Amino acid sequence: MFRRSGKKVHGAVWAYDGSRQVAKGQAKLSRGTTFVVAAVVVDLPFADRPIALPVLFRLWRPGGQPKTILARELIGRIAAARPDREVHVVADGAYMCSTLRQLPANVSLTGPLPRNAALYEVHPDLDNPPTMRGRRGRPRTRGARIGTPAELAATTTGVQVTVTRYGRSATVTVHERRCLWYGAFRSQPVRVLVMHEPRRPGLALLTTDTTTAATELIARYSARWSIESAFFDAKNVTGAGEARNRTRLAVERTVPFGMLTQTLVILWYHLSGHSPAVVAEHRQRARWYTTKTHPSYPDMLTKLRRTLIAAQYCADLPGDPTPEQIRTIRLAWENAAA
C-alpha cells in the first residue's frame, strides 16, 4: 500500500495498510495504490540479514484480477525465466489458497496455515493408485480427518531443533506431518510444520517442498520479512512513496521504477561500492551508534550519491581544481550524507 491523496488518482482505493500505526481495535485502512510485488531474497556477504530485491510488480485495482492471480502471473514469469533452477516462493497467509495450487514444476510454496484449517491424512490410494477393474465409484482422495493444526500437534511427536531467524538462534519444538489441506490444495500432499517455543505464540507453516529440512524451511519463511524492509526503504528513503501523479500509465510506472532503482542501488553497492570504511565512517560521524556493524540501505545510497558527485565534478581537465569547485563538491558530499 502506497498512500495517495486526490480524487482522480488512478487505482487509489481504501484498503488494508499493514504499516499504519493505529490504536488497538481500529482498522488499519489507508487510501492509496496497492501493488503485488515479487522480490528475490539474497544473502550478501556484507549484510547480517537477508535482503529483498524487488523485480516484478502489478497494480491491483478493485474489480480487476485478484491479488492471488496477479501473484501467480509474477511467479510464472520468474519460473519461466529460469527453468533450470528451483524457485522457492514464500508468501503471507493471503496467498495460501487454491489459486496458487497449480504452480510450475520447479516452484514450491511456503506460508502460514490458518488456525482453523481442516487437515486430513494422505489416503494410501494417492501414493499407490489401485486398479479400478471390478471397483465401483470414484476413488477416495483423502484419508482420515486429523483436524486443525493444534490437533495435529497434539497427536504428532515433537522434535526439538535449533533454528536461526532474524539474526538469532533459538530452540523450538516442531511437529511435522505429511498430510492434505483439502480445502485449498485438494489431493495434493503437503507438509505441515507446527512450531512451539516458550513465551511465544505457536506458528503453523504449510509447504509444498517435500525434501528440504524443517530448520531450513523455518529460516526460509523468516526471510520473508526482508520484503517488508524493502517496502519501508522504498517509501521513506528511495522516494517511491512520494509520487504525486494521477494518470494510469504514470501510476503504474512510478512505484515500480522507484523500487527497481532501489534494487539497482543494492546490486551496484555489492559489486562495486562496498568497503569496510563505510561502517567505520558512519560510526565516526555518529559516535553514539556503537552497535552498528553492517551497512544499511541509506549507507548504500549515500555511497552511490558521493560516487556520482565525484564523477561529475572530477572530470579529466588540465590543472588543479579551483577553490570554488572544491567547496561545491564538499557541500554536495555533506548534502548526500544528510
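## Strands around β10

Two strands count as paired if DSSP finds at least two bridges between them. The model described here is predicted. In it, strand β10 covers residues 168–181 and is joined to strand β7, residues 119–120, by two bridges. β7 and β10 run antiparallel. Here Leu119 has Trp181 of β10 as its bridge partner.

Strand β9, residues 158–165, is also antiparallel to β10, with eight bridges between them. Thr164 faces Ser169 of β10 across this pairing. The β9–β10 hairpin leaves two residues between its strands, and Tyr166 adopts a positive phi near 55° there. Strand β11, residues 190–197, pairs with β10 over seven bridges, again in the antiparallel sense. Met195 of β11 stands opposite Val174.

## The largest nonpolar core

Which residues of the largest nonpolar core touch the most other members? They are Leu113, Leu119, Trp181, Val192 and Leu206, out of 35 residues in this core. Helix α1, residues 67–81, supplies the largest share, with five residues.

Val192 shows how such a residue is surrounded. Leaving aside residues up to four places away in sequence, Val192 touches Leu113, Leu119, Leu152, Leu205 and Leu206, along with His175, Glu176, Arg177 and Cys179. Trp181, the bridge partner of Leu119, is buried, as is Phe185.

## A second core and helix α7

A second core is separate and has 16 residues, including Phe35, Val37, Ala234 and Val255. Val255 is also one of the buried residues of helix α7.

Helix α7 runs over residues 248–273, 26 residues in total. From first C-alpha to last, α7 spans 36 Å, close to the 38 Å expected at 1.5 Å a residue. Its buried residues are Val251, Val255, Pro256, Gly258, Met259, Gln262, Thr263, Val265, Ile266, Tyr269 and Gly273.

## Thr33 in strand β3

Is Thr33 of strand β3 buried or exposed? Its relative accessible area is 1%, so Thr33 counts as buried under the 20% cut-off. Strand β3 comprises residues 29–42.

The contacts of Thr33, beyond residues up to four places away in sequence, include Met1, Phe2 and Arg4. Val9, His10, Gly11 and Ala12 also touch Thr33. Leu59 and Val251 are further contacts, and Val251 is buried in α7.

## Aromatic pairs

How many aromatic pairs does the structure hold? There are three. In one of them, Phe2 and Phe35 meet edge-to-face, with centres 6.0 Å apart and 85° between the planes. Phe2 is in strand β1, residues 2–3, and Phe35 is in β3, so their pairing ties together parts 33 residues apart in sequence. Both rings belong to buried residues: Phe2 has a relative accessible area of 5%, and Phe35 has 10%.

Trp181 and Phe185 make a tilted pair. Their centres are 6.1 Å apart, with 35° between the planes.

## Charges over rings

Two lysines deserve a look. Lys235 places its charged end over the ring of Phe2, 5.4 Å from the ring centre. Phe2 thus joins several entries in this report: Phe2 pairs with Phe35, touches Thr33 and lies under Lys235.

Lys67 has its charged end over the ring of Trp60, at 4.8 Å from the ring centre.

Definitions and conventions. Residues numbered from 1 in each chain as written. Predicted model: local features only at pLDDT ≥ 70, side-chain atom pairs only at ≥ 80, totals over all residues. Heavy atoms only, no water. Helix = DSSP H or I, 4+ residues; strand = E, 2+ residues; numbered from the N terminus. Expected span 1.5 Å × (residues − 1). Buried < 20%, exposed > 50% of the residue type's maximum accessible area, 1.4 Å probe, protein only. Core = buried A, V, L, I, M, F, W, Y, C linked by side-chain atoms within 4.5 Å. Contact = heavy atoms within 4.5 Å. Phe/Tyr/Trp six-rings, centres within 6.5 Å; stacked < 30°, edge-to-face > 60°. Lys NZ or Arg CZ within 6 Å of the ring centre and 35° of its normal.
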